[in-house]
Amino acid sequence: MNITTEYVQVDCIKCHALFGLPKTTDNHLRQTHDGFWCPTCGYSMAYLGKTAAEKALAEAARLKDELRHTNDILSWTEAERATSERSARAHKGRANRLKRLIAEGKCPCCGETFEDVYQHMVHEHPKFVEDNADQVAEAAK
Ligand SMILES: [Zn+2]
Ligand SMILES: [Zn+2]
């Protein structure tokens, strides 16, 4: 049987002496980030670089964060859309009520009935007519 142990050459970061570590030990040290010592100067070192597994974990965490952020934006946009739809509906409902009142000859401001409610409003409630120019003008047609 021919057993060969593969060695990994390590360059001491302190004294730059070269020494060998069995490949299995080297792998183990890379996974665990455990310290090892230079046989020449006794300086302690460790593989601090991230292993592939650790890199994958960090990447997964980053993606998860990104996804959460995207979801936040999505639900915010959805809420925004719902709010603006609600206010558009409310606006439309108010405009319709206004038109109906004016069509019936009723002043939407004072509730009185006039033969020419539009003229009444222009004279009595110019500010209201100005603020609701679109609806009032349309209703007065
Ligand atoms: Zn050394
Ligand atoms: Zn009025």
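## The β1–β2 hairpin

In this predicted model, strand β1, covering residues 7–11, and strand β2, covering residues 18–22, pair with each other in the antiparallel sense, and five bridges link them. Within this pairing Val10 is the residue that stands opposite Phe19 of β2. Six residues lie between the two strands of the hairpin, and in this hairpin His16 takes a positive phi near 60 degrees.

## Two histidines with positive phi

Most residues other than glycine have a negative phi. Against that background, His16 deserves a closer look, as its phi is near 60 degrees, a positive value in a residue other than glycine. The residue is placed in the loop between β1 and β2, and it counts as exposed because its C-beta neighbours inside 10 Å number 10, where the cut-off for an exposed residue is 12 or fewer.

His33 also has a phi near 60 degrees, again a positive value in a residue that is not glycine. Its position is in the loop that runs between helix α1, residues 23–32, and strand β3, residues 35–37. With 13 C-beta neighbours inside 10 Å, His33 counts as partly exposed, since that class lies between the limit of 12 or fewer for exposed residues and that of 20 or more for buried ones.

## Order of elements and overall form

Taken as a whole, the chain has four strands and five helices, and when read from the N terminus its elements follow the order β-β-α-β-β-α-α-α-α. The chain is more spread out than a compact globule, because its radius of gyration is 40 Å, well over the 14 Å that the globule rule gives for 141 residues. The C-alpha trace spans about 115 × 35 × 20 Å along its principal axes.

How much of the chain is buried? Of its 141 residues, 4% count as buried, a class that requires 20 or more other C-beta atoms within 10 Å of the residue's own. As for contacts between residues at least 6 apart in sequence, 26% of them join residues that are at least 24 apart.

## Domains

The domain assignment divides the chain into domain 1, which comprises residues 7–46, and domain 2, which comprises residues 52–140. The centres of domain 1 and domain 2, taken over C-alpha atoms, are separated by 69 Å.

Terms used: Residues are numbered from 1 along each chain as its sequence is written. Chains are lettered from A and ligands numbered from 1 in the order in which they are written. This is a predicted model: local features need pLDDT of at least 70, side-chain atom pairs count only at pLDDT 80 or more; totals for chains, interfaces and linings use all residues. The radius of gyration is taken over C-alpha atoms; the globule rule is 2.2 Å times the number of residues to the power 0.38. Two residues are in contact if their C-beta atoms, placed from the backbone, lie within 7 Å. Two strands pair if DSSP finds at least two bridges between them. Domain bounds come from an automatic or database domain assignment.
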